[in-house]
Amino acid sequence: MKKAFLFFIVLVLFTGEELLGQVNLIQNVSARKTLSLDGVWDSQVDIVGVGSLGRFGLVQDRKPTKFVYNGDNPRNTELVEQDMDVAEKINVPGDWNTQKEKLFLYEGNLWYRKKFSIAPQPNKRYFIYFGAVNYEATVYLNGVRIGQHKGGFTPFQFEITKELKNGENKLLVNANNTRGDDNIPTKIADWWNYGGITRSVSLVEVSETYISDYFIQLDKGKLSEIKGWVRVSGSQKSQAVNVEIPELGLKQSVQTDTSGYAELNLSSKKIQHWSPENPKMYEVILSSANDNVKDKIGFRTIETRGTEILLNGKPIFLKGAAIHEEAPFRTGRCYSEADARTLLTWAKELGSNYVRLAHYPHNEAMTRMADEMGLLVWSEVPIYWNVKFEKPEVYASAEKQLLENISRDKNRASVILWSVANETNESEPRLAFLKKLLEKTKAVDPTRLTTAALLAKEGKSEFSLEDPLGEFVDVMGCNEYIGWYTLPAELAPTIKWTSKYNKPLIMSEFGAEAIAGLHGSPDEIWTEEYQNRIFENQVKMLNNIPFLRGTSVWALMDFRSPLRLLPIKQDFFNRKGLVSDAGIKKMAFFTLKNWYQTK
Ligand code: GCB
């Protein structure tokens, strides 16, 4: 009884907007006044964590080793065994593994330092904003510890108004990518644990009171009603905010309440709806007494009706590919618009109208480019395989990553699905954990659909969707590898698919490995012909699933993975791409492309 009451209180206390407020991210950082801190940084590998142990020293009976948290070695008269001024250089953004050969297999601590100059202005506030650091980041400015963040794929920020100096400033970051059982993701994942400051870093300047966040989308199922909210942060929380969409002749003035919050409602019958065929976006301008911010937002609705997925009220089949954030041509983590454009262009050439951004939030360039190019997006957090579902601290980390992801991308028309898990085994703690995450997702964003990549109950002639989590998602995802891990490829067309739930299914993964350019008979594993044979049979099976409403082939491009050891054939690459990392399209690419033309 007591527990139930407490749960109720929690639900009442936090609205969706307040939940997002907990992760505290400035919306649309690239539209603000920023100083980019990207470029060359100083760097120091620290295998045992000398820097973190700091002044306490490492050896009891000797003089403690000093580590100075701005990286300087101030005088040559005392023992300070570290000096960032003469340390090696490293580029930000970018993983360390592919920048320095000796760090290719490195997992641990690496110190980064950047010196920058600024003249802070009165009545302004300053934030340091990181696109992502994998996995844990501890940040110091001018020797003062500013904060810490865990989670390798989501943005975070710290306010530094007090610590910022006029003139030269020293920013020191410890990045640690040590894998952990209680992390999200856990120790074992089928992708490379690229470490470091993998995305851009910027210093953001805003007014003392500023427009910190907004959510502007079509109301669920309503094609002419724009709904949302705006949040103002600072000392003057209650003030007038104007929202304008000039092209639609729309304008609304709202007064934020004492907490800085106001709801938005704008209505127009003239909206051209965003879709893959017409990815129309509108300039949206928000302004207050001291601030203004512009965004480009597309308006579309997404719903389900029985087993249908409806985009702007009309049934759609999602033709797609799953993509890792692996850089084409050079390997390593992607971070740039150019990387995003290459990958999404291949997806388009395949005939896709949809992409699954696997298995973690990708950088913002991806979702912004998907908006621009007209690709629908499945966005997910790395709740992958054997997560410690029974641990509250693991739940807290998962929820935080989910909220950070939604907070950043909630105004992207391309994003239609929030996924909470990939291939997780059924158990009570898992169901409770994921159900709670799905509820939070709906609370913060009632406009989009929820999903998870589930596993079917696999028989010899029937595959059935009966995972209890299916009851709580809007759309079921399912990963299957008939022809590769299970059953001969030729059996695929004979498999009957059934479902306990009257819901749409996206085959979120299916595929097989092949080495680009390796040819042989369709029975010879690792050849393009072998992979292609599996696709030919898969397609026959997929055509017969009555409630199938989308597919994302695994995967668009080959990607690096610590699980793929086979020398010569894999060499630490999962070769299930339809395109190799060098950009070579395999036979299966064209088989799937032909099939997508029929859908
Ligand atoms: C899966 C996983 C994916 C793997 C893939 C594979 O089911 O979701 O992350 O990479 O299989 O290639 O085995």
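A polar contact here is a pair of N or O atoms within 3.5 Å. Keep that cut-off in mind as we walk through this structure, which is a predicted model.

Let's start at the ligand. A polar side-chain atom of Tyr485 lies 2.5 Å from one of the ligand's oxygen atoms, so this pair falls inside the 3.5 Å limit and counts as a polar contact. Asn422 also reaches the ligand, with a polar atom of its side chain 2.9 Å from a ligand oxygen. Trp554 joins in too: an N or O atom of its side chain is 3.1 Å from an oxygen atom of the ligand. How much of the ligand does the protein bury? Taken alone, the ligand exposes 320 Å², and the protein buries 97% of that.

Now widen the view to the residues around the ligand. There are 14 of them, and the closest are Asp190, His359, Glu423, Tyr485 and Lys576. Sorted by class, this shell holds five nonpolar, four polar and five charged residues.

One stretch of the chain carries a label from a record. An unreviewed UniProt entry annotates residues 92–205 as "domain: Glycosyl hydrolases family 2 sugar binding". In the model, this span is 44% strand and 0% helix, and the C-alpha atoms at its two ends lie 20 Å apart.

Next, the sheets. Strands of a sheet pair through backbone hydrogen bonds, either parallel or antiparallel. Look for an open sheet of six strands, which runs in the order β3-β2-β4-β9-β6-β7 with antiparallel pairing. Its edges are β3 (88–92) and β7 (144–150), each of which pairs on one side only. On average, neighbouring strands in this sheet are turned by 30° against each other, direction ignored. To follow one pairing by eye, take β6 (residues 136–141), which pairs with β7 in the antiparallel sense over six bridges. Within that pairing, Thr138 has Gln148 of β7 as its bridge partner.

A second open sheet has three strands, in the order β26-β27-β29, and its pairing is mixed. Why do β26 (457–458) and β29 (496–499) each have one side without a neighbour in the sheet? Both stand at the edges with a single partner strand, so one side of each is left free of a neighbour there. For β29, the pairing with β27 (residues 462–465) is parallel and spans four bridges. You can find it by locating Phe463, which stands opposite Trp497 in β29.

Key:
Residues numbered from 1 in each chain as written. Predicted model: local features only at pLDDT ≥ 70, side-chain atom pairs only at ≥ 80, totals over all residues. Heavy atoms only, no water. UniProt positions renumbered as here; feature names shortened; annotations may be inferred. Near = heavy atom within 4 Å. Polar contact = N/O pair within 3.5 Å; in protein donor to acceptor, adjacent residues only side chain to side chain. Areas by Shrake-Rupley, 256 points an atom, 1.4 Å probe, with all protein chains shown as cover. Nonpolar A, V, L, I, M, F, W, Y, C, P; charged D, E, K, R; others polar. Pairing = 2+ DSSP bridges. Axes fitted to C-alpha atoms, helices over the stretch in contact; angles between N-to-C directions.
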